[in-house]
Every structure is written in structure tokens, then in C-alpha cells.
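This report takes the chain as a whole before turning to its core. Please look over the model first.

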Amino acid sequence: QRTSPVAVSGGLVFQTISAGQEHTCGLTTGGAAYCWGYNLNGQLGDGTYSNSWRPVPVEGGLAFQAVSAGYSYSCGLTTGGAAYCWGQGGYGQLGYGGTGQATSPVAVSGGLVFQAISAGGLHTCGLTTGGAAYCWGFNDYGQVGDGTTSDRTNPVVVSGGLVFQAISASVFHTCGLTTGGGAYCWGNNSDGPLGDGTTTIPRTSPMAVSGGLVFQAINAGGANTCGITAGGAAYCWGYNGNGQLGDGTTTSPRTSPAAGSGGRVFQ
């Protein structure tokens, strides 16, 4: 382990980076995807199961606009908006219609054109260019958001007909922001990460986060969620046993958004 930053080897110039459970992926300025780290399930996408301590190119020569590293798999969006995933696929999180793993990118089925993608624990979500949310994969807690708890090996539309600008898939829950800045979450809610004022589980369809706040960004964590309002204030909700909500307490759970202490303005 390292207690201070170390440079990633190879001298590559990246435009974005995403850290998964035990691997990392990045996009170069030219749109080439590279991954490094643990590779037991093929999550590096280089056609092997060999771990790599330095960046290796993802197979296929695809030009990506976004990449997202999940628990033991990865997904990316090509410059044309096509979704591809690779790595562990036992619950359908690769979205190609099956449950086998893949050591190189496989196309997500359905021919949808996406503007954003988020690889979670064992499920994946994406936003189409029209703002419709689709998810696929593990769904025991309703984190796919289609009103069921059935695993999905192909993309299914999130119920409710909401139009989203952002989406974030976590381990067992998902959150999104509508085009108006409203926050909605769905899935496991045992520690309050859905922010709807309850710990009711499962929530199989989007639930509005309480408080009526207008957000510009949202990020779903392991058992908590945080968002930044349009004015730059940080709010978090969910499990807080280690003070991860930043409200100056360890009161847990917080089932509604709690303001971060210190009055800092975030972007």
C-alpha cells in the first residue's frame, strides 16, 4: 500500500479515471481505455485473467467517451454512445443478455444510445441521450428500478417516466438527478441511503429524496449518498456510523439529507 500519491506508470495522458473495487480504468485524451490492478474476472478488458500493476489497453480498439469501473467489472461508452462492458457478469451486469464473464468488451444489448453510464456493485445503469434511465444486473433489492426484484441480463427502463441528467449506481442502491435537479433513489434502504425519510426496503422504483433540495450532482456510496446543491452546499444521508456524512456526528442512520458541517461551497 502507499500512503502518498505515486504516479501511474506508462506516461499516458488521461482525460478521466474511475476506481473500482480492486482495479482502476482511465481514458486517454484520444479516447483509448486502459485498466490496471486485479483481473481475476477479466475486469481489465485486455483479453486475459492476469493481474497488471501498470495500465494495459482494453481490447477492441474502441474509442470511448466515458469509462466506469465497478466491483469486479468495467463499462464504457463509445464516442457514438454505444455501451460496452467486460469482467464479471454472473448477475447480468454486463448487459449482453447472458451471465458469463468477458475478458474483453461486449456490447450491451438493445442498441440504445447513452450519454452516461455507471457500473455499481453487481448492477449497471445508463442514461440515454433523451434522459431515460436504464439499468441491468443484480436486483434483489430493487436497485434496477423496474418495479421488480428480478435480475436483468438486458437493459430495462427505470419505472416512473422521469427524465434524468445524472445517475449513480452503488452496491445495492441507485440514485439519479432529474433535469430539474430533483434527487431520486431506489433499491436497498436499510440504512436510509435513499433519503426518503424511511428505512423501508426494498424500494423497487424511484423515490424522491426528502427536503425538496435542488441538486447539481449526486453520488451513491456503499450505504450512503451525497449530493451537491445548485448553490454548492453538500448534503449526505444514510449510514453514518463512522461520520461519513460529514455533519459533525455519528448519528446513524440519517434517512433525510443532512448538511455537511463547516459551510463549505463545493463544485
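The protein chain has zero helices and 20 strands; helices (H or I, at least four residues) and strands (E, at least two) are DSSP runs, numbered from the N terminus. The model is predicted: local features need pLDDT of at least 70, side-chain atom pairs count only at pLDDT 80 or more, and totals for chains, interfaces and linings use all residues. Residues are numbered from 1 along each chain as its sequence is written, and side-chain values use heavy atoms, without hydrogens and water.

Overall dimensions come next.

| Property of the protein chain | Value |
|---|---|
| Radius of gyration (over C-alpha atoms) | 18 Å |
| C-alpha box along the principal axes | roughly 45 × 45 × 30 Å |
| Exposed area (Shrake-Rupley, 1.4 Å probe) | about 11,200 Å² |

The radius agrees with a compact globule, because 267 residues would then give a value near 18 Å. That rule is 2.2 Å times the number of residues to the power 0.38. Of the 267 residues, 47% count as buried, meaning under 20% relative accessible area with a 1.4 Å probe, protein chains only. Carbon and sulfur atoms supply 49% of the exposed area.

The largest nonpolar core has 13 residues. Such a core is a set of buried Ala, Val, Leu, Ile, Met, Phe, Trp, Tyr and Cys residues joined through side-chain atoms within 4.5 Å. Strands E6 (73-78), E7 (83-87), E9 (114-119) and E11 (133-137) each give two or more residues to this core. Cys75 is among the residues with the most contacts inside it. Beyond its neighbours within four places in sequence, Cys75 is in contact (heavy atoms within 4.5 Å) with residues including Tyr84, Trp86 and Ile117.

Terms used. Buried means under 20% relative accessible area, exposed over 50%, partly exposed in between (1.4 Å probe, protein chains only).
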